[in-house]
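Trainee: Could you walk me through this one? I'd like to ask about it piece by piece.

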Amino acid sequence: MTNEAHLTRRTLLAGLLATAGGLAVAACSPGGGSGSSANGLTVTVAGQSDNLTQVFNPFLENTALGVTYNGSFIYEPLVQINTADIGKDIPWLAKSWEWSDDNKTFTVTLQDNVKWHDGKPFSADDVVFSYQLLKKYPALNLQGVPDAEVSAPAPNKVVFAFKDPSEQLFPSIVSAPVVAKHLWESVKDPTTYQDPNPVGTGAFKVGQFSPQSLLLIRNDDYWQTKAAIAAIRFVPYKDNSTITNAMVQGQADWAGAYIANADKTFTSKNKNYHFWAPRAGTDGLIPNLERWPLSDIAVRKAISLGVNRKQVAAASGEQPATSVTGLPLPTYQSSVARAYHGVGFIEDKNKAMQTLEAAGYTKGSDGYYAKGGKRVEFSCSFPASYTEIAARVQVLVSQLKDIGIKLNIDTTTVDDINPRTAKGDFDSTMGYPVSPTPRAFSFYNDTMNPNLYYPIGQSTPSFQNIERFKDDEAAALFKRYPLATTDAERQDILDKIEQVFVEKLPWIPMFYWGSYSSWSTAKVTGFPDPDSPYFTAVPNVVVALRLKPA
């Protein structure tokens, strides 16, 4: 489900933009798509922010790294997980890795000759320190790294000893940012540390900062082949519409935001303009299962029966969800349980109302169903700037009214939505705040694992199971999956998880979403596209390192 406005809650999971104040490193003004730096070519990226401030702590939810789409430009992970070309993950700070036979021990061999931006050598001690931070301060563990004892038997070796088999959580384990021990060990409280002058191992480092733009300059002493471009300027915009305008007008070269009717509004404007949104996940209506009326399975099933998924998806140019398992097809077709092959969602408004009536609901004179004197009414919370979500929810308001359910729109800010949903302060939302996952198990683990339940008011640190689904059968299945030793056994457990999903409907799939990306080849080339899908085209360092002057 996701990243939503897919610029966002998924791709910006660890860095939605900060609202706290910060001091500028140096004043600079936003540059246009035709800008260049003193040392060569500058690429301008249109990002999204309500208020860009100088906070670069990669472990915090709201940071200036959000305007960079958390693309690992400064702080790097062990491995770059590939969500475009599934299975072709890219070794990064980790040169290689292996699991023990019981999947409890994970051994990583690190790259050679890596340096921090201040010239100090990078080593296994930095990795151990970074992962120990996640264990000591759970609020920093946005990736959901499982508990482990981490050690460095050699300067280029890191060993993770997990209590339980954990190979199925590989994407989460290797995606955490790594920070410099020699700098961070003196930080008193990393949960509040702003890190205004970040020192990473990345291909870029901070050059200039102001509330109007962030300039990252090339790291000429980078451990990999250095970038062919000299700098990247990230300019914050308020919403998708203003980002689209910046791209159309040539004020920006690259973005990761939704563009309505991209073929007409963007790509047709210039031969150099490109838009790509490869299918990356499933989304829909995400209920808070501890608030009535969505706590009632009858209401959720009525909604699923009553909506026209084609209309909801069409509101933002997406494709309607088809499989009742929620898995995005055709990407996960091989993981769909045999019992659900070809089984799709059915639209039947009459059956939706019959479902409510069978559960004791009666329709009032106002046209809405009620029970115990309470009307079936709830709100959907999402950032006002995410125009594609707004379009979908507007369609839902009308569709649910037709079956006697009142849906209200509750808009908020980019900075506010994840903290609210993490604490359970919502009726429903759209735009699941987790990243694309290249495994079917991860899809369910992120969105419905009861073992990741947190009570209302207590934030879910990794934003998994924000609907707060509780189910003993499902909890047992999720615990069994890591213990499976064969693909057949894993699929059997996955089949049963899918059955729980279909029968208990912890959230309501409606459409398949794509990883939105747009770019101009007027200045640089080398972007991935449908013909060369080597990685996602949402702004990130993997692509930036492949860009060449046009």
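Trainee: Which residue in β18 is the bridge partner of Ala370?

Mentor: Keep in mind that we're looking at a predicted model. Strand β17, residues 369-371, is joined to β18 by two bridges, and the two run antiparallel. In β18, the residue bridged to Ala370 is Arg375.

Trainee: Which strands stand at the edges of that sheet?

Mentor: The sheet is open and has three strands in the order β16-β17-β18, paired antiparallel. An edge strand has a single partner, so one side of it is left without a neighbour in the sheet. That describes β16 (362-363) and β18 (374-375).

Trainee: What about β7 and β8: how many residues lie between them?

Mentor: Strand β7 covers residues 148-154 and β8 covers 157-162, and they pair in the antiparallel sense over five bridges. Within that pairing, Val150 stands opposite Phe160. The two strands form a hairpin, and the number of residues between them is two.

Trainee: Which residues touch the most other members of the largest nonpolar core?

Mentor: That core has 93 residues. Its largest share is seven residues from helix α2, residues 124-136. You've already met one of the residues you're asking for, as Phe160 is the one opposite Val150 in the hairpin. The full answer is Leu78, Phe160 and Phe204.

Trainee: Since α2 came up, what covers its buried residues?

Mentor: Start with the helix itself: α2 has 13 residues and reaches 18 Å from its first C-alpha to its last, close to the 18 Å expected. Its buried residues include Ala124, Val127, Phe129 and Leu133. What covers the buried residues of α2 includes β6 (105-110), β7, β8, α3 (170-173) and α4 (181-184).

Trainee: Now α5: over how wide an arc around the axis do its buried residues spread?

Mentor: In α5, residues 240-248, the buried ones are Asn240, Ile243, Thr244, Ala246 and Met247. They sit on the same side of the helix, because the arc they cover is only 160 degrees. The general idea is that an α-helix has 3.6 residues a turn, so residues three or four places apart point the same way. For α5, then, the arc is 160 degrees.

Trainee: Which residue caps the N-terminal end of α5?

Mentor: Look for a side-chain oxygen by the backbone nitrogen of Ser241; the distance between them is 3.2 Å. At the other side, just after α5, Gly250 takes a positive phi of about 75 degrees. The capping residue is Asp239.

Trainee: Is Asp283 buried or exposed?

Mentor: Asp283 lies in strand β14, residues 279-287. A polar atom of the Asp283 side chain lies 3.1 Å from the backbone nitrogen of Gly431. Asp283 is also 6.1 Å from Met510, C-alpha to C-alpha, although the two are 227 residues apart in sequence. With a relative accessibility of 0%, Asp283 is buried.

Trainee: With which side chain does the side chain of Ser316 make a polar contact?

Mentor: Ser316 is found in the loop between α8 (309-314) and β15 (319-320). Ser316 is buried because its relative accessible area is 2%, under the 20% cut-off. Leaving out residues up to four places away in sequence, Ser316 touches Tyr258, Glu388 and Arg392. The polar contact, at 2.7 Å, is with the side chain of Arg392.

Trainee: Is Leu505 buried or exposed?

Mentor: Two residues are handy to look at here, Asn113 with a phi near 60 degrees and Leu505 with a phi near 45 degrees. Most residues other than glycine have a negative phi. Asn113, in the loop between β6 and α2, is exposed at 70% relative accessible area. Leu505, in the loop between α14 (487-504) and β22 (508-514), has a relative accessible area of 6%, so Leu505 is buried.

Trainee: Last one: which residue does a cis peptide bond join to Pro330?

Mentor: Most peptide bonds are trans. The bond from Trp292 to Pro293 is cis, with omega near 10 degrees, and Pro293 is in the loop between β14 and α7 (297-306). Pro330 lies in the loop between β15 and α9 (349-358). The residue joined to Pro330 by a cis bond, with omega about 10 degrees, is Leu329.

Technical notes. Residues numbered from 1 in each chain as written. Predicted model: local features only at pLDDT ≥ 70, side-chain atom pairs only at ≥ 80, totals over all residues. Heavy atoms only, no water. Helix = DSSP H or I, 4+ residues; strand = E, 2+ residues; numbered from the N terminus. Buried < 20%, exposed > 50% of the residue type's maximum accessible area, 1.4 Å probe, protein only. Polar contact = N/O pair within 3.5 Å; in protein donor to acceptor, adjacent residues only side chain to side chain. Pairing = 2+ DSSP bridges. Core = buried A, V, L, I, M, F, W, Y, C linked by side-chain atoms within 4.5 Å. Arc of directions from axis to C-beta. Expected span 1.5 Å × (residues − 1). Contact = heavy atoms within 4.5 Å.
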